[in-house]
Amino acid sequence: MSTSTTETATETETEQKTPAADGEQQGWHVDDRCLNCNIARQIAPGMIGFKEGGQYGGLSTVIRQPETEADIEKMYQAAHACPTRSVHPPADDLGADTDPYPMALDEAGTVFLCGHASPQTYGATSYLLRRPDGTAMMIDTPRWRPALARRYEERVGKITDVLITHLDHVAHARKYADAFKARLWIHEGDLHSLPSADHIIRGTEPVEIGPGVIAHPFPGHTAGSALFIADEKFCFTGDAFFWSNGQQTLEVAHSVVYDSIKTLAASVARGAEELTFEWVLPGHGDLHHLPADEMRERMRGLARRAATYPAEGIDYGAVRY
């Protein structure tokens, strides 16, 4: 066991071993600190689902105990990703030897899930993008732990850039950038949320972050939202759009828009014609892989629907994950 792994377990031990608020339980269970961030339901579908029976807006609960080794692995993945450490195994022990992160997403080992989501980003998923030269980039950030920073670099490669998709994912960005001695990027529209950023994406035109990695300004969810597309294959969307498991297509969080739903619909319509990618990798909502041509058609369909969405008040519970 590496030093960094041991330290990570020590630093999160108090959070991980907090007992369930509803008393002693048998088997896997979810305590009542759940944020309804969707990350555990995304990782362990069919085992973790909605607590209150509604389609949207309910908190999570274990709806089926794991039955196979693969099921158990999924539950540990969910537990180590949960921002409130609300997913508990039977022995209530989330030791470092059960932590799979960083975890490769694709067969080539280009994109890794960071796990360890932060409550300060409402449980947003963050990613590591490995580049051909052996370096890597971090897209949005997990909870801050020095040992996690060391682990990510030890397992994925020297991290040269921290890319922030928009203003409510800025938590821990400066700390990770400093730990990695990395460049820190954000769009000027959201710069007020991260004034220490040292690389600013300006205007509406694409900006090259590094070979094969392009930042695309994508206003709507916030004024400074940006997508990051790598190799015309991987699209890191922040909260701009996501794959809805319930709808089985691309969707926007039309009930959580801080700038303008009309602007967001226009960004989607423009992106449907200008952007090429196969993977949608959001901060919230499901990730998904489709051939590029089919993904473009899904974007076009989303553009048509989004153009009909009215402006509405902020309602996290209405997001159709």
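This is a guided tour of one protein chain, moving from the whole model to single residues.

**The whole chain**

Begin with everything displayed, and keep in mind throughout that this is a predicted model. The protein chain holds eight helices and 19 strands, and its C-alpha trace spans about 50 × 45 × 35 Å along the principal axes. For 321 residues, a compact globule would have a radius of gyration near 20 Å, and the value for this chain is 19 Å, so the two agree. If you switch on a surface, the chain exposes about 13200 Å², of which carbon and sulfur atoms supply 51%, while 56% of the 321 residues count as buried. Among contacts with a separation of 6 or more, 59% are between residues 24 or more positions apart.

**Helix 4**

Next select residues 69-81, which make up helix 4. With 13 residues at 1.5 Å a residue, this helix should span 18 Å, and because its end C-alpha atoms are 18 Å apart, the expectation is met. Which residues of helix 4 are buried? They are Asp71, Met75, Tyr76, Gln77, Ala78, Ala79, His80 and Ala81.

**Strands 7, 8 and 9**

Now select residues 127-130 and 136-139, which are strand 7 and strand 8. Strands of a sheet pair through backbone hydrogen bonds, either parallel or antiparallel. Here strand 7 and strand 8 run antiparallel and are joined by four bridges, one pair of bridge partners being leucine 128 and methionine 138. The two strands form a hairpin with five residues between them, and in the turn you can pick out glycine 134, whose phi is positive at about 90 degrees.

Add residues 159-163, which form strand 9, and compare the direction of the chain: strand 8 and strand 9 run parallel, again with four bridges, and methionine 138 has valine 162 as its bridge partner in strand 9. In a regular strand the side chains alternate between the two faces of the sheet. Show the side chains of strand 8 and you will find Ala136 and Met138 on one side, with Met137 and Ile139 on the other, and all four are buried, so both faces of the strand are covered.

Stay with strand 9 and select leucine 163. Is leucine 163 buried or exposed? Its relative accessible area is 0%, so this residue counts as buried. Leaving aside neighbours within four places in sequence, leucine 163 is in contact with Met137, Met138, Ile139, Asp140, Trp185, Ile209, Val213 and Phe228.

**The six-stranded sheet**

Select residues 207-210 and 288-289, which are strand 12 and strand 19, the edge strands that each pair on one side only. They belong to an open sheet of six strands, with the order 12-13-14-15-18-19 and mixed pairing. At the strand 19 end, strand 18 (residues 279-282) pairs with strand 19 in the antiparallel sense over two bridges, and valine 280 stands opposite histidine 288.

**Threonine 222**

Within the loop between strand 13 (213-217) and strand 14 (226-230), select threonine 222. At a relative accessible area of 1%, this residue is buried. The side chains of threonine 222 and aspartate 190 are joined by a polar contact of 2.7 Å. Not counting residues up to four places away in sequence, threonine 222 touches His166, Leu167, Asp190, Tyr258 and Asp259.

**Three backbone details**

Most residues other than glycine have a negative phi, and most peptide bonds are trans. The last stops are worth viewing with that in mind.

First, go to the loop between strand 1 (29-30) and helix 3 (39-43), where asparagine 36 is located; asparagine 38 is found in this loop too. Asparagine 36 has a positive phi of about 60 degrees although it is not a glycine, and asparagine 38 likewise has a positive phi, near 85 degrees. Asparagine 36 counts as buried at 7% relative accessibility, and asparagine 38 counts as buried at 7% as well. Show the side chain of asparagine 36 together with that of arginine 41, and you will see a polar contact of 2.6 Å joining them.

Finally, select tyrosine 101 and proline 102: the peptide bond between them is cis, with omega about 5 degrees. Proline 102 lies in the loop between strand 4 (87-88) and strand 5 (103-104).

Definitions and conventions: Residues are numbered from 1 along each chain as its sequence is written. This is a predicted model: local features need pLDDT of at least 70, side-chain atom pairs count only at pLDDT 80 or more; totals for chains, interfaces and linings use all residues. Side-chain values use heavy atoms; hydrogens and water are left out. The expected span of a helix is 1.5 Å times one less than its number of residues. Buried means under 20% relative accessible area, exposed over 50%, partly exposed in between (1.4 Å probe, protein chains only). Two strands pair if DSSP finds at least two bridges between them. The radius of gyration is taken over C-alpha atoms; the globule rule is 2.2 Å times the number of residues to the power 0.38. Contact means heavy atoms within 4.5 Å. Accessible areas come from the Shrake-Rupley method with a 1.4 Å probe; for residues, only the protein chains shown count as cover. A polar contact is a pair of N or O atoms within 3.5 Å; within protein, one must be able to donate a hydrogen and the other to accept it, and residues adjacent in sequence count only if both atoms are side-chain atoms.
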